[in-house]
Amino acid sequence: MPPISLPALSVRDVVKQYRDGPLALGGVSFDVKRGEFFGLLGPNGAGKTTLISIIAGLARATSGNVEVMGHDVVADPGRARMNLGVVPQELVFDPFFTVRETLVFTRGYYGLGRRDPRCGDDWIDEVLHNLDLTHKADANMRALSGGMKRRVLVAQALVHRPPVIILDEPTAGVDVELRQTLWKFIARLNREGCTVILTTHYLEEAEQYCHRVAMLKLGKLVALDDTRTLLRTESSARLLFRLAGAAAGQGGIPRAAAALPPELFAHAEVLNDGRIAVPAPDAATIELVLHRLREAGLSADDIELRHADLEEVFLRLTGNGGDSSADAAQA
């Protein structure tokens with residue numbers, strides 16, 4: 001067993017250059033600690049799918065190395081894969097098997113049998129139960145809906161009880177019920193010590209569950225930090241207010257903007273609903289804005305202090321630089 005001090009996942013200077021194609025990854029490095037819930041985020045074409053393929057042993061890095069629980073994915077692929085479960089984006093299934101047969105065969109690929117003390121039939125039953133698949137256990141895979149097939153993909157990734165799980169867009173295009181069922185089970189596994197790595201375009205999921213996040217843009221790491229720290233340092237709160245009374249419709253907005261300190265005026269914004277938004281990094285700034293409005297003979301109502309979310313930080317750091325050519329090249 002690898003020393004406990006080793007990370008669950010170690011990515012070191014990974015470069016992926018496709019032959020006569022784009023540079024998909026340009027020297028990416030980060031560690032994921034054991035028991036961590038980690039977000040790997042980025043726009044389409046950022047390199048996420050390429051990196052996951054390298055971690056899973058489905059693609060080779062041009063240079064650099066990746067270790068899963070201390071096992072190099074190239075030098076020791078069997079042990080690396082034994083410690084890893086991957087839920088892919090694509091709905092891939094064998095149309096000739098039932099749900100239970102699919103899980104039994106998947107377990108067999110790892111050399112595990114029904115009497116294995118950790119991954120036997122009892123564990124399969126537990127996975128089926130927690131993903132609400134028990135009533136579909138004997139149904140043929142062809143007969144399942146898209147959402148049910150995605151549940152089976154999650155079950156397959158968990159059937160050998162790996163200590164590290166990668167969820168690649170696990171809730172894309174699925175209903176609310178599946179999301180709630182999936183996250184309840186995954187959160188439980190994480191509390192029990194399982195390391196979870198999530199890629200998702202539903203950034204509210206990453207904000208809710210991930211302890212840390214890494215953001216990729218065009219194959220480069222542009223952010224790596226604790227989620228709360230990233231929200232605090234990469235964004236600031238904004239004060240939103242609507243002008244009250246006659247001023248709301250009689251040139252009040254220019255008067256309000258003129259009343260603001262120059263450093264705030266430069267970043268003031270009039271929203272589509274007519275409210276004015278200004279940066280509000282601290283309580284003193286909020287009081288200053290309201291004081292200046294009163295001095296200008298203006299009053300505000302519908303006042304709201306809005307804190308930035310992960311989506312705003314994501315857009316600020318990654319911009320519109322995603323280019324689908326890099327990830328598409330690996331298909």
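Which residues form a nonpolar patch on the surface? In this predicted model, the patch is made up of V104, F105 and Y109, which together have about 330 Å² of accessible area.

## Surface patch

One member of the patch, Y109, belongs to helix α3, a helix that covers residues 99-109. Y109 counts as exposed because its relative accessibility is 66%, and the cut-off for an exposed residue is over 50%.

## Aromatic pairs

Across the whole structure, a search finds 5 aromatic pairs. One of them joins F30 and F38 in a stacked arrangement, with 5.4 Å from centre to centre and 15° between the planes. Both partners of this pair can be placed by their accessibility: F30 is buried, with a relative accessible area of 4%, and F38 is likewise buried, with a relative accessible area of 0%.

The rings of W183 and Y209 also form a stacked pair, since their centres are 4.8 Å apart and their planes meet at 20°, where an angle under 30 degrees is what counts as stacked. W183 lies in helix α6 (residues 176-191), whereas Y209 lies in helix α7 (residues 203-209), so this pair ties together parts of the chain that are 26 residues apart in sequence. W183 counts as buried, at 4% relative accessibility. With F37 added, W183 and Y209 form one aromatic cluster.

## Charges over rings

Where do the charged ends of R161 and R179 sit? The charged end of R161 is placed over the ring of W123, at 3.8 Å from the centre of that ring. In the case of R179, the charged end sits over the ring of Y202, and here the distance from the ring centre is 3.9 Å.

## Salt bridges between elements

Side chains of opposite charge can pair when their charged atoms come close. A search of the whole structure finds 14 salt bridges. Among them is the bridge between D31 and R12, in which the closest N and O atoms are 2.8 Å apart. Because D31 is in strand β2 (residues 23-32) and R12 is in strand β1 (residues 9-17), the pair ties together parts that are 19 residues apart in sequence. D31 is partly exposed, with a relative accessible area of 26%, and R12 also counts as partly exposed, at 32% relative accessibility.

R179, whose charged end sits over the ring of Y202, takes part in a salt bridge as well, its side chain meeting that of E205 at 3.9 Å, N to O. E205 lies in helix α7 and R179 in helix α6, so this salt bridge ties together parts that are 26 residues apart in sequence. Both E205 and R179 are buried. Helices α6 and α7 are thus linked by the salt bridge of R179 and E205, and also by the stacked rings of W183 and Y209.

## Further charged contacts

Another salt bridge is formed by the side chains of R188 and E192, with a distance of 3.0 Å from N to O. Is E192 buried or exposed? At 51% relative accessibility, E192 counts as exposed, because the cut-off for that class is over 50%.

Salt bridges can also be described as a group in this model, for R107, R114 and D121 are linked in a network of them.

Key
Residues numbered from 1 in each chain as written. Predicted model: local features only at pLDDT ≥ 70, side-chain atom pairs only at ≥ 80, totals over all residues. Heavy atoms only, no water. Patch = residues over 30% accessible without salt bridge, like charges linked within 9 Å, V, L, I, M, F, W, Y side chains within 5 Å. Areas by Shrake-Rupley, 256 points an atom, 1.4 Å probe, with all protein chains shown as cover. Salt bridge = Lys/Arg side-chain N within 4 Å of Asp/Glu carboxyl O. Helix = DSSP H or I, 4+ residues; strand = E, 2+ residues; numbered from the N terminus. Buried < 20%, exposed > 50% of the residue type's maximum accessible area, 1.4 Å probe, protein only. Phe/Tyr/Trp six-rings, centres within 6.5 Å; stacked < 30°, edge-to-face > 60°. Lys NZ or Arg CZ within 6 Å of the ring centre and 35° of its normal.
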